[in-house]
Amino acid sequence: MSTRHSEIKLTIAKLIEVAYSKNKGLTTSIMLDAGFVKLTVDDKGNALLSGKAGVVTFSGQDVINELGMQVKRVSVSFKNEGDGQASYTATLNLGLISTSVKGSFNVEDLITQCSGLLCIAARRLKNRPAYIERKLSEAMGN
């Protein structure tokens, strides 16, 4: 897997982490509910996580800025596969080009990694300790 794909997967985990810190109960319900979930981020960093359980809106600007590239839009489609597993397809629109990555992760592992210190850290995306980056990366299967 390329470094860029690893960065995209970590970005998805961070966006879910920010949604969780904004409204952990609803984010958990959305991510664990059977069916499809959609995460979108526009060019201004406005983010929307939606599913059958509801909608969480939040700012994903700091997370997108960490990518170090001009992102016009992020779109991630998740499908709950059962047994806590979720598959996803993420597309980043960079203007004239776009890049996609597919993968899967254990939702409960990701949400567990996001509890406590990780959600506090989500509010302080700058100066995040390296171990937090490693935990999120591990939860996403890297």
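Buried residues account for 43% of this chain's 142 residues, and the model you're looking at is a predicted one. The chain has six helices and six strands. If you walk along the sequence, they turn up in the pattern α-α-β-β-β-α-β-β-β-α-α-α. As for contacts with a separation of 6 or more, 54% of them are between residues 24 or more positions apart.

**The sheet**

- The six strands make one open sheet, and its order is β3-β2-β1-β4-β5-β6, with antiparallel pairing.
- β3 (54-59) and β6 sit at the edges with a single partner strand each, so one side of each has no neighbour in the sheet.
- On average, and with direction ignored, neighbouring strands in this sheet are turned by 15° against each other.
- At the β3 end, six bridges hold β3 and strand β2 (residues 46-51) together in the antiparallel sense.
- In that pairing, Leu48 is opposite Thr57 of β3.

**Strand β5 and its two neighbours**

- Which residues of strand β5 (residues 85-93) point to the buried face? They are Ala86, Tyr88, Ala90 and Leu92.
- Gln85, Ser87, Thr89, Thr91 and Asn93 point to the other face of β5, and these are not buried.
- That fits a general rule: in a regular strand, side chains alternate between the two faces of the sheet.
- On one flank, β5 runs antiparallel to strand β4 (residues 73-82), and nine bridges join the two.
- Gly82 has Gln85 of β5 as its bridge partner.
- β4 and β5 form a hairpin with two residues between them, and Asp83 in that turn has a positive phi of about 55°.
- β5 is also joined to strand β6 (residues 98-106) by nine bridges, again running antiparallel.
- Two pairs of opposite residues show how β5 and β6 line up: Thr89 faces Lys102 in β6, and Ala86 faces Phe105 in β6.
- The hairpin of β5 and β6 has four residues between the strands, and Gly95 in its turn has a positive phi of about 100°.

**The nonpolar core**

- The largest nonpolar core has 38 residues, and the ones touching the most other members are Ile12, Met31, Leu49, Phe58, Phe78 and Phe105.
- Helix α1 (residues 3-22) gives this core its largest share, nine residues.
- What does Leu49 touch, leaving aside neighbours within four places in sequence? The answer is Ala19, Thr27, Ile30, Met31, Val37, Lys38, Leu39, Gly54, Val55, Val56 and Phe58.

**Two helices to look at**

- Helix α2 (residues 24-32) lies across β1 (35-41), β2, β3, β4 and β6, and runs at about 120° to β3.
- Helix α6 (residues 130-139) has these buried residues: Ile132, Leu136, Ser137 and Ala139.
- Those residues are on the same side of α6 because they cover an arc of only 160° around the axis.
- The general background is that an α-helix has 3.6 residues a turn, so residues three or four places apart point the same way.
- Just past the end of α6, Gly141 has a positive phi of about 90°.

**Two buried polar residues**

- Ser75 belongs to strand β4.
- Why does Ser75 count as buried? Its relative accessibility is 17%, and the cut-off for buried is under 20%.
- The side chain of Ser75 makes a polar contact of 2.8 Å with the side chain of Lys38.
- Not counting residues up to four places away in sequence, Ser75 touches Lys38, Leu39, Thr40, Thr89, Ala90 and Thr91.
- Asn106 is in strand β6.
- With a relative accessibility of 19%, Asn106 counts as buried too.
- Gln85 turns up again here: its side chain and that of Asn106 make a polar contact of 3.4 Å.
- Asn106 is also in contact with Asp83, Gly84 and Ala139, along with Gln85, when neighbours within four places in sequence are left aside.

Note on methods
Residues numbered from 1 in each chain as written. Predicted model: local features only at pLDDT ≥ 70, side-chain atom pairs only at ≥ 80, totals over all residues. Heavy atoms only, no water. Buried < 20%, exposed > 50% of the residue type's maximum accessible area, 1.4 Å probe, protein only. Pairing = 2+ DSSP bridges. Arc of directions from axis to C-beta. Core = buried A, V, L, I, M, F, W, Y, C linked by side-chain atoms within 4.5 Å. Contact = heavy atoms within 4.5 Å. Polar contact = N/O pair within 3.5 Å; in protein donor to acceptor, adjacent residues only side chain to side chain. Axes fitted to C-alpha atoms, helices over the stretch in contact; angles between N-to-C directions.
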